[in-house]
Protein chains: 2
Amino acid sequence: MDATELDVLEANAAFYRAFEARHAAAMARVWAEHHPVVCIHPGWDVLAGRDQVLASWRSILESGNAPDISCSLAEAHVLGDVAFVTCHEVVPGGRLAATNVFAREGRAWRMVHHQATPIAPGQTRPLPPAGQPN
Amino acid sequence: MDATELDVLEANAAFYRAFEARHAAAMARVWAEHHPVVCIHPGWDVLAGRDQVLASWRSILESGNAPDISCSLAEAHVLGDVAFVTCHEVVPGGRLAATNVFAREGRAWRMVHHQATPIAPGQTRPLPPAGQPN
């Protein structure tokens, strides 16, 4: 894995740390400020634009109903100044397959798109052994 | 809308034409040959690699169970040599929110990622009037 992939995976990890901590300000820092941003929450219609996307995250994170979540099986795919990560979101009762797209803003990788889709029971790969970060 | 966005939307339309026609060879032409490709079908785990992704499409398109599908509300977001489209997939009984990511290969925009997530009933925007392409 090269340094760029590690940087992208760190940006991805920051997203899940903000989610797990229910920290709306940290979540806002994850998302791009200069690129267009879009988000598709499970079951929701497409949300477009930083204001609408961040409002949705504030609503989710501050509702008291945000699930405990962790990220596993993350893989980064770098395409120049854009990269996308696929991963599993492990939540109580199941897993989702997620895509997180990042673009460079200056030296940082910022999120421009997030989408998560529930995986049907029985369709999921095994998780790595406990203690491994990915 | 600029010429690049139109090119990206045409690549997106070619994907749905191949899907609607159950045309596995046309579907194969949509997907990138030189970039990494990933696909998340609804309810499935992540599929990675051109061989695995195209095999999944052959299985779906040749099964006789592929749904009638059309694309609506497509919007292109261009980030240099990468672009992503969000749209609705209209299928019998409902709609899905989809993301299709494209990257340039030579002069063509080729698909590197597809993900579709069912939208919960009551959460969908109205479709445009019949006769409008988008």
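# A walk from B:Glu105 to the A/B interface

Start by selecting B:Glu105, which lies in strand β5 (residues 94–105) of chain B; strands here are DSSP runs of E, at least two residues long, numbered from the N terminus. Before going on: this is a predicted model, where local features need pLDDT of at least 70, side-chain atom pairs count only at pLDDT 80 or more, and totals for chains, interfaces and linings use all residues. Residues are numbered from 1 along each chain as its sequence is written, chains are lettered from A and ligands numbered from 1 in the order in which they are written, and side-chain values use heavy atoms, with hydrogens and water left out.

Is B:Glu105 buried or exposed? B:Glu105 is buried, at a relative accessible area of 12% (buried is under 20%, exposed over 50%, partly exposed in between, with a 1.4 Å probe and protein chains only). Now show what surrounds it. Leaving out residues up to four places away in sequence, B:Glu105 touches B:Ala32, B:Glu33, B:His34, B:His35 and B:Arg110, where a contact means heavy atoms within 4.5 Å. Zoom in on B:His35: its backbone nitrogen is reached by the side chain of B:Glu105 at 3.0 Å.

**The sheet in chain A**

Switch to chain A and colour by strand. You should find an open sheet of six strands in the order β2-β1-β6-β5-β4-β3, with mixed pairing; two strands pair if DSSP finds at least two bridges between them. At the edges stand β2 (47–48) and β3 of chain A, each with a single partner strand, so one side of each has no neighbour in the sheet.

Walk in from the β3 edge. β3 (residues 70–79) and β4 (residues 82–91) of chain A are antiparallel, paired over eight bridges. Pick A:Cys71 and look across to A:Glu89 in β4(A). The hairpin has two residues between its strands, and A:Gly80 in the turn shows a positive phi of about 70°.

Next door, β4(A) and β5(A) pair antiparallel over ten bridges. Select A:Phe84 to find its bridge partner in β5(A), A:Val101. This hairpin also has two residues between the strands, with A:Gly93 in the turn at a positive phi of about 95°.

Stay on β5(A) for a moment. Why is this strand largely enclosed by the rest of the structure? Ten of its twelve residues are buried, so the rest of the structure largely encloses β5(A).

One more step takes you to β6(A), joined to β5(A) by ten bridges and running antiparallel to it. A:Ala98 sits opposite A:Ala116 in β6(A), and A:Gly106 in this hairpin takes a positive phi near 65°. The parallel part comes next: three bridges join β1(A) to β6(A), with A:Val38 partnered by A:His113.

**Where A meets B**

Finally, display both chains. The contact takes 30 residues from chain A and 30 residues from chain B. About 2,500 Å² is buried between them, 64% of it from carbon and sulfur atoms; this is the accessible area (1.4 Å probe) that the two parts lose on being put together, summed over both.

How many salt bridges are there between chain A and chain B? The count is two, a salt bridge being a side-chain nitrogen of Lys or Arg within 4 Å of a carboxyl oxygen of Asp or Glu. For your last selection, take A:Asp45 and B:Arg125: they form a salt bridge whose closest N and O atoms are 3.0 Å apart.

Notes: Helix = DSSP H or I, 4+ residues; strand = E, 2+ residues; numbered from the N terminus. Polar contact = N/O pair within 3.5 Å; in protein donor to acceptor, adjacent residues only side chain to side chain.
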